[in-house]
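Reader: I would like a close look at a single loop residue and its surroundings. Please start there, then work outward to the parts that connect with it.

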Amino acid sequence: MGTNRKIKAKATALTLTSIMMLGVLAGCGGNSGNNAAGNTTDKGNSTNTANSANAVEDISPLTMTFFSADPNPNWTGMQDEVGKVITEKTGVTLNAEYAVGDPAQKVALIAASGDYPDIISAKTDVSKLVDAGAMLDLTELIDKYAPNIKKVLGEEGMKRSRYSDEDHAIYAIPTYAGVDNKYFDAGGGFELQHRAVKEAGYPEIKTVQDYENVIKAYLEKHPTDENGNKNIGLTLNADDWYMYITVTNPAFITTGSPDDGEYAIDIDTQEVTYHFRRPAEKEYFRWLNHMNDIGLLDPESFVQKYDQYKAKIATGRVIGLIDQDWGYGDGERALKAEGKLDQGYGHYPVTLSEEYKESSFWPTGFMGGNGIGISVDAKDPVRAIKFLDYLASDEGQVLINWGIEGKHYNVVDGKRVIPEDVNNRKYNDTTNFQKETGLGNVGSNYALLSAHYGDGVLDPTGNYYTTRFPEQVTAGYNAVEKETLAAYKATTWKDLFPSEDEFKVKPWGAAWNITIPGDSEIVVLDNKLKDITWKRVPEAILSKPADFDKVWDAYMAELDKAGVTKAEDLREELVKQRVKLWND
């Protein structure tokens with residue numbers, strides 16, 4: 001099967017070259033009007049070729065199949081307002097399938113089937129498809145037909161899009177990282193209800209002890225809500241992969257290590273450690289064990305489902321969370337809709353102790369890596385790349401982020417402004433708003449389909465490409481959020497956190513973003529380690545304090561037996577290969 005797929009890939013590449021040559025000839029023979037990807041210009045002869053190739057656009061109706069390894073419950077088949085405009089501009093409609101369940105298994109099935117969607121976003125599992133000969137090398141397509149993608153990525157981004165040190169092909173256009181992105185707000189950290197923090201007198205909240213003190217003091221005065229239902233100190237969401245977000249990732253974030261997935265990497269030596277083996281993290285989990293012992297941890301944390309978690313938050317009884325705002329947002333929005341603004345949450349940079357620096361904003365540089373590719377089975381690779389290029393154009397990025405002028409935003413004195421009623425729906429009626437408009441926050445319908453600029457980048461009109469910038473962030477805060485921030489002499493939640501310039505930029509980006517070769521043992525080893533960790537960490541947290549060390553020692557021994565040192569060594573090789581690929 002593998003040999004046949006590689007033969008097919010080579011044959012398709014030859015066909016593709018012929019198609020592109022015809023496209024170039026047709027473009028050169030046409031008029032020189034504006035292309036559908038906007039009026040973006042770039043430097044160099046390759047851009048002139050690209051502009052010529054785009055001079056005549058085919059916007060006849062075309063349906064392309066698309067698979068994404070991410071879930072997207074709000075997908076409308078491009079029948080939302082923005083989707084309809086994209087189809088009008090490009091002729092393309094996506095027949096999309098978004099992953100449900102384990103995306104790695106689905107990608108493996110696609111790779112084995114020999115029948116591939118036109119466009120695929122497989123994240124780090126793209127290696128399975130590359131090994132099967134399923135993915136086109138997009139380098140020449142981008143050079144000839146995608147001036148906007150080239151402009152957005154720039155020389156560094158194109159370099160960081162290469163597959164590996166041995167194979168410099170571009171199989172995926174990076175879409176999960178915005179170019180030149182700046183963070184203007186914090187959506188993670190440790191969360192506390194505003195009313196609890198206010199009642200405590202807005203104390204300094206820097207360590208787990210500070211955080212615990214606020215929860216404990218509030219529950220001592222308010223053990224139940226107004227209806228006699230028991231208030232909850234801290235609840236966690238351990239349902240499937242959310243385990244990473246609220247249970248395990250905080251262990252490294254609170255102990256001064258950046259997010260590199262399940263591994264901690266020394267910034268200077270690139271030495272790799274399975275992060276749970278760091279002594280400091282043992283003490284973080286000991287703190288959670290202590291929270292459970294004194295009754296401040298929700299006993300349902302490791303058995304509740306995600307919907308139950310959000311429903312519990314919506315009751316207003318949960319004082320503390322350790323999560324990202326997109327994880328608990330539905331529950332908080334329900335509270336806001338009922339006018340219970342003081343039961344919403346603020347974000348605090350909590351660490352195990354003052355010796356550590358909270359690492360949420362440790363910079364990665366532009367990460368490249370995960371993104372969107374075109375398969376060898378694509379019915380029209382040139383139309384596919386032009387579709388993606390439109391989305392990367394100035395016009396396309398404004399459409400994806402801001403929507404339609406006069407409907408989702410207005411231009412006032414040269415500045416794009418979101419009307420108050422639209423902004424209110426965007427933040428407080430997110431699900432319905434996204435389904436209706438196609439607009440959203442992180443992970444919106446169209447934002448991950450092509451290369452794009454990050455927050456804080458200005459377009460040629462002097463407006464931001466995205467709607468995430470200081471004035472818009474503060475405009476989205478309600479009165480209680482502003483009151484809490486003012487008490488801490490801050491204007492955004494990010495003001496409370498260590499800033500990017502307090503850390504060295506990681507030369508490998510992020511380890512979770514590194515594609516794993518299909519023949520690597522890492523996948524099997526990682527799964528073994530994950531199964532052990534997801535069993536042992538909850539066991540340690542819920543054990544009697546006197547038994548914690550015994551449970552933890554058994555956990556460490558089980559990791560050793562499962563080959564954790566080999567997994568670390570293999571991961572270290574990949575990290576060093578990434579550094580070489582990006583920095584030579």
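Author: Start with Thr315, which is partly exposed, because its relative accessible area is 35%. Keep in mind that this is a predicted model. Thr315 sits in the loop between α12 (306-314) and β9. Its side chain has a polar partner: one of its polar atoms lies 2.5 Å from the backbone oxygen of Lys312. What else does Thr315 contact, leaving aside its neighbours within four places in sequence? The answer is Leu335 and Gln343. Gly331 is another residue to note here. Its C-alpha atom is 8.0 Å from that of Thr315, and the two residues are 16 apart along the chain.

Now follow the loop into β9. This strand belongs to an open sheet of four strands, in the order β6-β9-β5-β10, with mixed pairing. The edges are β6 (232-235) and β10 (345-348), and each of these pairs on one side only. From one strand to the next, the twist averages 20 degrees. Take the β5 and β9 pair in detail. Strand β5 covers residues 190-193 and strand β9 covers residues 318-322. They run in the antiparallel sense and are joined over three bridges. One bridge can be named: Leu192 has Gly320 in β9 as its partner. A helix also packs on this sheet. It is α9 (residues 208-221), and it touches β5, β6 and β9. The direction of α9 makes about 160 degrees with that of β9. In a regular strand, side chains alternate between the two faces of the sheet.

For a second strand pair, turn to β1 (residues 62-68). Five of its seven residues are buried, so β1 is largely enclosed by the rest of the structure. Its partner is strand β2 (residues 92-98), and here the pairing is parallel, over seven bridges. Thr65 is bridged to Asn95 in β2.

Two more loop residues can be set beside Thr315. Take Ser393. Ser393 is in the loop between α14 (381-392) and α15 (394-402). Its relative accessibility is 0%, so Ser393 counts as buried. A polar atom of the Ser393 side chain lies 2.9 Å from the backbone nitrogen of Gly396. The flanking helices meet too. The axes of α14 and α15 come within 4 Å and cross at roughly 70 degrees. The two helices are therefore roughly perpendicular. On the α14 side, Tyr390, Leu391 and Ala392 make the contact. On the α15 side, the residues are Asp394, Glu395, Gly396, Gln397, Leu399 and Ile400. Gly396 thus appears in the helix contact and in the polar pair with Ser393.

Then take Ala562. Ala562 is in the loop between α21 (548-561) and α22 (564-583). At 15% relative accessibility, Ala562 counts as buried, because the cut-off is under 20%. Not counting residues up to four places away in sequence, Ala562 touches Leu525, Lys528, Leu529 and Ile532. Ile532 is 30 residues from Ala562 in sequence, with 8.8 Å between their C-alpha atoms.

Last, a bent helix. Helix α7 (residues 147-160) bends by about 100 degrees at Gly154. Buried residues in α7 include Ile149, Val152 and Leu153. Gly157 and Met158 are also among them.

Conventions:
Residues are numbered from 1 along each chain as its sequence is written. This is a predicted model: local features need pLDDT of at least 70, side-chain atom pairs count only at pLDDT 80 or more; totals for chains, interfaces and linings use all residues. Side-chain values use heavy atoms; hydrogens and water are left out. The bend at a residue is the angle between axes fitted to the seven residues ending there and the seven starting there. Buried means under 20% relative accessible area, exposed over 50%, partly exposed in between (1.4 Å probe, protein chains only). A polar contact is a pair of N or O atoms within 3.5 Å; within protein, one must be able to donate a hydrogen and the other to accept it, and residues adjacent in sequence count only if both atoms are side-chain atoms. Two strands pair if DSSP finds at least two bridges between them. Axes are lines fitted to C-alpha atoms, for helices over the stretch in contact, and angles run from 0 to 180 degrees between N-to-C directions. Contact means heavy atoms within 4.5 Å. Angles under 35 degrees count as roughly parallel, over 145 as roughly antiparallel, 65 to 115 as roughly perpendicular and the rest as oblique.
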